[in-house]
Amino acid sequence: AWFKAISAADTLAALLLVAVFTAALVRRLSRPRLTALVGRRAAPARHHVLLVGFGQVGFRLAQELRRRGVAVLGVEQDLEAPCVRLARAAGIPVAIGRGDDRETLERLGIRRCAAVAAVTSTDLVNVAVGLAASDLAPGVPLVLRLGDGEVAAETDSLLHLGSICDAHKIASETLVQGLRALIADE
């Protein structure tokens with residue numbers, strides 16, 4: 001009797017494990033892959049720039065870095081973001097996840113990357129990414145995109161996280177240079 005009970009339990013356990021394994025395999029194979037093991041979209045293993053935030057700024061930065069021969073790995077929270085589709089077509093690897101999550105940063109090789117750039121459209125998210133990155137990999141250079149001058153000044157003076165780029169200031173300076181060139185041509 002005890003042998004029949006153990007055999008029945010083993011059979012049920014085997015069926016349960018087969019069902020779980022099959023479900024996990026189907027889920028893994030059916031989701032879209034934004035990075036690959038080999039080829040153009042392979043996630044770099046080391047000496048890459050980790051770009052957190054793959055909107056317009058992140059995508060254009062990735063294109064420019066790749067044009068200069070720098071390996072890039074993008075991180076975007078939203079699978080449906082327009083630039084994620086563009087990145088796939090351009091062969092740029094993108095991981096889906098939160099860039100301020102320490103586990104995500106660890107899995108993406110933050111300790112082995114050349115630099116981290118937090119370029120989301122939200123200043124406080126970029127600061128959170130900077131704090132997580134500086135805690136996990138203190139020696140890795142860090143660039144933050146901050147649009148609010150006050151947030152940029154406070155972050156720079158209080159936290160000393162890395163290189164802070166005031167996006168609005170850079171854009172206005174570039175526009176002024178462009179206008180000066182147009183006026184000089186007339």
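**Notes on the aromatic pairs and helix packing**

1. Phenylalanine 54 and phenylalanine 59 are both buried. Keep in mind that this is a predicted model. A search through the whole structure turns up two aromatic pairs. One has tryptophan 2 with phenylalanine 3, edge-to-face, at 6.3 Å centre to centre and with 90° between the planes. The two buried phenylalanines, 54 and 59, make up another pair, also edge-to-face, with 6.0 Å between centres and 75° between planes.

2. Back to the pair at tryptophan 2 and phenylalanine 3: how do its members sit with respect to solvent, buried or exposed? Tryptophan 2 has 64% relative accessibility, so it counts as exposed, the cut-off being over 50%. Phenylalanine 3 comes in at 57%, so it counts as exposed too.

3. Now the helices. α2 (residues 56–67) packs on α3 (residues 82–90) at an angle of about 15°, and their axes are 10 Å apart. That angle is under 35 degrees, so α2 runs roughly parallel to α3. The crossing of α2 past α3 is right-handed.

4. Which residues make that contact? From α2 there are Gln56, Phe59 and Arg66, and from α3 Cys83, Leu86, Ala87 and Ala90. Sorted by class, that gives five nonpolar residues, one polar and one charged. Phe59 of α2 is part of this contact, and phenylalanine 59 is also the ring partner of phenylalanine 54.

5. Last, threonine 104, which lies in helix α4 (residues 102–107). Its relative accessibility is 17%, which is under 20%, so threonine 104 counts as buried. Setting aside neighbours within four places in sequence, threonine 104 is in contact with Gly97 and Arg98.

Definitions and conventions: Residues are numbered from 1 along each chain as its sequence is written. This is a predicted model: local features need pLDDT of at least 70, side-chain atom pairs count only at pLDDT 80 or more; totals for chains, interfaces and linings use all residues. Side-chain values use heavy atoms; hydrogens and water are left out. Axes are lines fitted to C-alpha atoms, for helices over the stretch in contact, and angles run from 0 to 180 degrees between N-to-C directions. Helices (H or I, at least four residues) and strands (E, at least two) are DSSP runs, numbered from the N terminus. Angles under 35 degrees count as roughly parallel, over 145 as roughly antiparallel, 65 to 115 as roughly perpendicular and the rest as oblique. A crossing is left-handed if the near helix is turned anticlockwise from the far one by less than a right angle, and right-handed if clockwise. Contact means heavy atoms within 4.5 Å. Ala, Val, Leu, Ile, Met, Phe, Trp, Tyr, Cys and Pro count as nonpolar, Asp, Glu, Lys and Arg as charged, and the others, Gly among them, as polar. Buried means under 20% relative accessible area, exposed over 50%, partly exposed in between (1.4 Å probe, protein chains only). Rings of Phe, Tyr and Trp (its six-membered ring) pair if their centres lie within 6.5 Å; planes under 30 degrees apart count as stacked, over 60 as edge-to-face and the rest as tilted.
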